[in-house]
Amino acid sequence: MVARLVIAAPSSGAGKTTVATGLMAAFAGRGLAVSPHKVGPDYIDPGYHALATGRPGRNLDAYMCGTGLVAPLFAHGARGCDLAVVEGVMGLYDGAADQGELASTAQVSKLLKAPVVLVVDASSQSRSVAALVHGFASWDPEVRIGGVILNKVATDRHEHLLREALGESGVPVLGVLRRAPAVATPSRHLGLVPVAERQAAAVAAVAAQAEQVRAGCDLEALLALARSAPELHAEAWDPEVAGRLHAGGPGVPTLPRTPSGGTPIAPAERMPTPRVAVAGGAAFTFSYAEHTELLRAAGAEVVVFDPLRDEVLPEGTSGLVIGGGFPEVYGAELSANEPLRKAVAALAASGAPIAAECAGLLYLARSLDGKPMCGVLDADARMSSRLTLGYRDAVAVNDSVLAPAGARTRGHEFHRTVIEPGAGALPAWGLRQPERRVEGFVRGGVHASYVHTHWAGSPEIAARFVQRCAGGPVA
């Protein structure tokens with residue numbers, strides 16, 4: 001039984017991240033072990049959550065991992081904690097396009113049986129706030145809105161009007177926050193600037209958020225609300241078990257484990273330990289904690305390196321994972337590290353397994369905004385004014401180190417870059433929405449694509465990748 005709260009809002013921009021991160025830091029400052037979570041595929045907010053709590057920020061994505069894995073993944077992250085704070089995504093009832101409530105904050109709150117605190121931007125309203133809160137609280141009777149935090153309140157008079165109006169709504173006011181520039185976090189073309197790029201400033205911002213929440217919110221009432229959540233009957237997700245068993249949620253297709261559908265022998269029982277290098281540092285900050293856990297559970301030794309600073313790959317590297325991030329911001333530095341670019345190209349030429357997503361795809365290209373990259377792929381990338389964003393239902397077009405042809409998984413795209421051509425002679429994925437197309441590259445041991453995947457939803461990806469790294473057979 002873990003006390004838990006979901007922090008939601010009527011829409012994006014209301015202050016969910018400020019409030020959620022401030023609450024995490026404030027409760028952690030009181031000596032509570034706080035488990036941080038984020039609804040949806042976002043990579044950046046969990047970095048601030050981790051800074052606030054000292055624990056990995058974890059995503060709860062009902063689209064990519066399936067509804068059946070939301071509670072187990074939550075229980076995995078919250079194991080041994082006193083309190084869990086879950087930051088929502090977009091507006092409370094906004095989910096995957098054309099999929100009803102799927103992947104919405106409301107759906108996750110119901111799957112977790114967690115009370116919701118609604119953060120309302122009150123900067124341009126007074127009495128109307130009661131109608132807004134009443135509408136959200138009554139829309140879905142299964143969603144329990146246990147309180148509201150009013151954000152961007154201008155004056156004492158403004159606060160009085162808001163409280164008076166909400167007194168008739170039946171939803172208690174659990175906090176009132178004034179406008180505070182010190183808590184602001186700078187944004188860029190894909191959202192907030194990641195913690196890794198502004199460590200000192202991020203620490204100061206989180207501290208300011210905690211202080212604002214302490215001063216403006218009733219922490220005792222919020223903790224009591226969190227503790228009112230009923231018992232959650234969910235067995236915690238385990239990467240060791242997930243690598244051996246079918247782990248997808250209802251309705252989520254996962255990669256076949258073997259041609260016969262059986263369960264393969266655990267890689268650690270029959271293969272030497274391969275060393276998998278994982279790109280990190282300021283340029284490659286997008287990753288899910290479960291990826292590393294699954295790699296290790298499959299028998300790999302995971303070593304993190306920084307392509308901005310390290311001129312060689314970790315000694316003994318037999319496989320490489322390059323996730324998402326902002327290589328376009330660090331293009332000059334990445335290009336200037338010619339020794340590492342050559343080492344990556346040599347590893348690819350050797351046939352070693354390389355899994356690259358989004359930023360990793362750009363890094364493996366011939367060039368990025370005219371600057372030389374690794375040259376593993378016969379393609380060139382550049383920044384674009386167009387934002388590509390959304391969930392993707394993907395089918396493996398060709399056999400690769402990640403999946404056999406025909407395997408299906410779910411992922412998402414989130415970038416303001418383009419790569420030309422968009423697909424190689426052997427594409428990685430066939431996508432069915434929003435339009436049918438093929439994309440990405442399969443070349444030797446390389447799988448490179450714009451599509452971000454969450455391996456907890458398809459744990460066979462990690463097992464297959466590690467098997468290939470160890471030189472063993474794959475299904």
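The following questions and answers concern the strands and helices of a predicted model.

Biologist: In what order do the 7 strands of the open sheet stand?

Modeller: Pairing in this open sheet is parallel. Neighbouring strands are turned by 25° against each other on average, direction ignored. Strand S3 (58–60) and strand S7 (173–178) each pair on one side only and are the edge strands. The order is S3-S2-S4-S1-S5-S6-S7.

Biologist: Which residue in S4 does Pro36 stand opposite?

Modeller: Strand S2 covers residues 34–39 and runs parallel to strand S4, residues 83–87. The two strands are joined by 5 bridges. In S4, the residue opposite Pro36 is Val85.

Biologist: Across which strands does helix H5 lie?

Modeller: Helix H5 is formed by residues 128–139. Its direction is at about 150° to S5. The strands it lies across are S5 (116–121) and S6 (145–153).

Biologist: Are H2 and H7 roughly parallel or roughly perpendicular to each other?

Modeller: Helix H2 (residues 44–53) packs with helix H7 (residues 199–216) at an angle of about 70°, and their axes are 10 Å apart. Angles of 65 to 115 degrees count as roughly perpendicular. H2 and H7 are therefore roughly perpendicular.

Biologist: How many residues of the contact of H2 with H7 are nonpolar?

Modeller: H2 passes H7 in a right-handed crossing. H2 contributes Tyr48, Leu51 and Ala52 to the contact, and H7 contributes Gln199, Ala202, Val203 and Val206. Of the contact residues, no charged ones are present, 1 is polar, and the nonpolar ones number 6.

Definitions and conventions: Residues numbered from 1 in each chain as written. Predicted model: local features only at pLDDT ≥ 70, side-chain atom pairs only at ≥ 80, totals over all residues. Heavy atoms only, no water. Pairing = 2+ DSSP bridges. Helix = DSSP H or I, 4+ residues; strand = E, 2+ residues; numbered from the N terminus. Axes fitted to C-alpha atoms, helices over the stretch in contact; angles between N-to-C directions. Contact = heavy atoms within 4.5 Å. Parallel < 35°, antiparallel > 145°, perpendicular 65-115°, else oblique. Left-handed = near helix turned anticlockwise from the far one by under 90°. Nonpolar A, V, L, I, M, F, W, Y, C, P; charged D, E, K, R; others polar.
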